[in-house]
Each structure stands twice: as structure tokens, then as C-alpha cells.
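Please open the structure in your viewer and keep the sequence beside it, ready for selecting residues as we go. The tour moves from stop to stop, and each stop says what to select and what is there.

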Amino acid sequence: MKNFAYLLLFLILAAGVYAGGAHLSGGAWPTFGLPLGGAMGELRQMCQSYWEDIQFKDFKHAAQYHDPSVQDSVDIPYLLERIFLQKPEFLDLMEYEVVFVDIDSSGLRGRARTRVRVKDLVKEKIRDQEVMLYFKRKSSSDPWYMDLETSLRAIEGEEGKKH
């Protein structure tokens, strides 16, 4: 009976240490569905879900990660073509992983570096590409929204400034 109590105490302690490590890692360690990792864990989960939507060509759902005011106008296939230089229907998104998540000191801007393995079905070549996803929110209690579209706009000089 004493050995069983020690074993139970050890398992509880090990689970607590693992949960603490998962939280401090920003959700990088598997959390088995538990909401650990704080804001970094939330962004990591959003990135995973976003790439899953892209993998299964659910562009309407992938647009929902953007601000609600622009969701209807976000053209995910066009954005993907800009990133991968190939039409989405000719791409097979094979794997994806979130390499790291970073949040600025204000807690209102975040970014996630993701590594995506795609197969170009036309050229029959597999390649790895890193994609940086940017997120914003208005306050720490507001939800995160992706800001992918603005980072892919054509570069234009600001009017009235010398270039």
C-alpha cells in the first residue's frame, strides 16, 4: 500500500512538472487538448488549425482567422499563390509545423514561423518553405486575428515622402 501511494505521488508530481513545462513552452509540448501555453499556445493552435484548413482546401474557414471586417474580402487562394508561386489546386500541402511563436512586449502583436512541406503537382517536386504568420489584437482580452494579407501587398511608397 505504501508503494502504491509513492507511485501515485510520483505520477501526480510528474504530471504537474509536465503541465508546467508545456505551459512555459508556449504550447510547443503536446498538451492533450488542455488550454496550456497562454497566448503563445493560443497562437500556436491557431497556426496549426489554419494550415489544416489550407491542407484540405477549406479557404472559407481559413479566412475566418482574419479580422471579421475583412473576412469576406480575403482571397486565400491568391495569397497562397503569392506565397508558394503556384496555384493552390496544383499544391499538395504534405506537412506543417510551427517552429516558434513570438509575442511583443505589449502583448498585442504576435508572429509565428511555420515550416510547410508542399509538393508542386505540376513540377512533381517537394520543397520546404518557411512562412511567417502575423497576428494582431486590440487588447489583451480581445481575440487574435491574422494579418497575412497586409504582409503580401505590393510595396508602395507613402505619398508625400521621399523615396
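How many salt bridges does a search of the whole structure find? The search finds nine, a salt bridge being a side-chain nitrogen of Lys or Arg within 4 Å of a carboxyl oxygen of Asp or Glu. Before selecting anything, note that this is a predicted model, in which local features need pLDDT of at least 70 and side-chain atom pairs count only at pLDDT 80 or more, while totals for chains, interfaces and linings use all residues. Residues are numbered from 1 along each chain as its sequence is written, and side-chain values use heavy atoms, with hydrogens and water left out.

**The strands**

Select strand 1 (residues 91–103) and strand 2 (residues 109–120), which run antiparallel and are joined by 11 bridges; strands here are DSSP runs of E with at least two residues, and helices are runs of H or I with at least four, numbered from the N terminus. Two strands count as paired if DSSP finds at least two bridges between them. Asp92 has Lys119 in strand 2 as its bridge partner, and in the hairpin of these two strands, with five residues between them, Gly107 takes a positive phi near 80 degrees.

Next add strand 3 (residues 125–136), which runs antiparallel to strand 2 and is joined to it by 12 bridges. Val116 has Gln129 in strand 3 as its bridge partner. The hairpin of strand 2 and strand 3 has four residues between the strands, and Glu124 in the turn has a positive phi of about 55 degrees.

Now show the side chains of strand 2, which alternate along the strand: Gly110, Ala112, Thr114, Val116, Val118 and Asp120 point to one face and are buried, while Arg109, Arg111, Arg113, Arg115, Arg117 and Lys119 point to the other and are not. Buried means under 20% relative accessible area, exposed means over 50%, and partly exposed lies in between, with a 1.4 Å probe and protein chains only.

**Salt bridges between strands**

Side chains of opposite charge can pair when their charged atoms come close. Select Arg117 and Glu95, whose side chains meet in a salt bridge at 3.9 Å, N to O. Because Arg117 lies in strand 2 and Glu95 in strand 1, this pair ties together parts that are 22 residues apart in sequence.

Asp128 also forms a salt bridge with Arg117, with the closest N and O atoms 2.7 Å apart. Asp128 lies in strand 3 and Arg117 in strand 2, so this pair links parts 11 residues apart in sequence. Finally, select Glu97, Arg113, Arg115 and Glu130, which are joined into one network by salt bridges that share partners.

**The aromatic cluster**

Which residues form one aromatic cluster? Select Tyr50, Trp51, Tyr65 and Phe84 to see this cluster. Rings of Phe, Tyr and Trp (its six-membered ring) pair if their centres lie within 6.5 Å, and planes under 30 degrees apart count as stacked, over 60 as edge-to-face and the rest as tilted. Trp51 counts as buried because its relative accessibility is 1%. The rings of Trp51 and Phe84 have their centres 6.3 Å apart and their planes at 65 degrees, so this pair is edge-to-face. The pair links distant parts of the chain, with Trp51 in helix 2 (residues 38–55) and Phe84 in helix 4 (residues 76–84), 33 residues apart.
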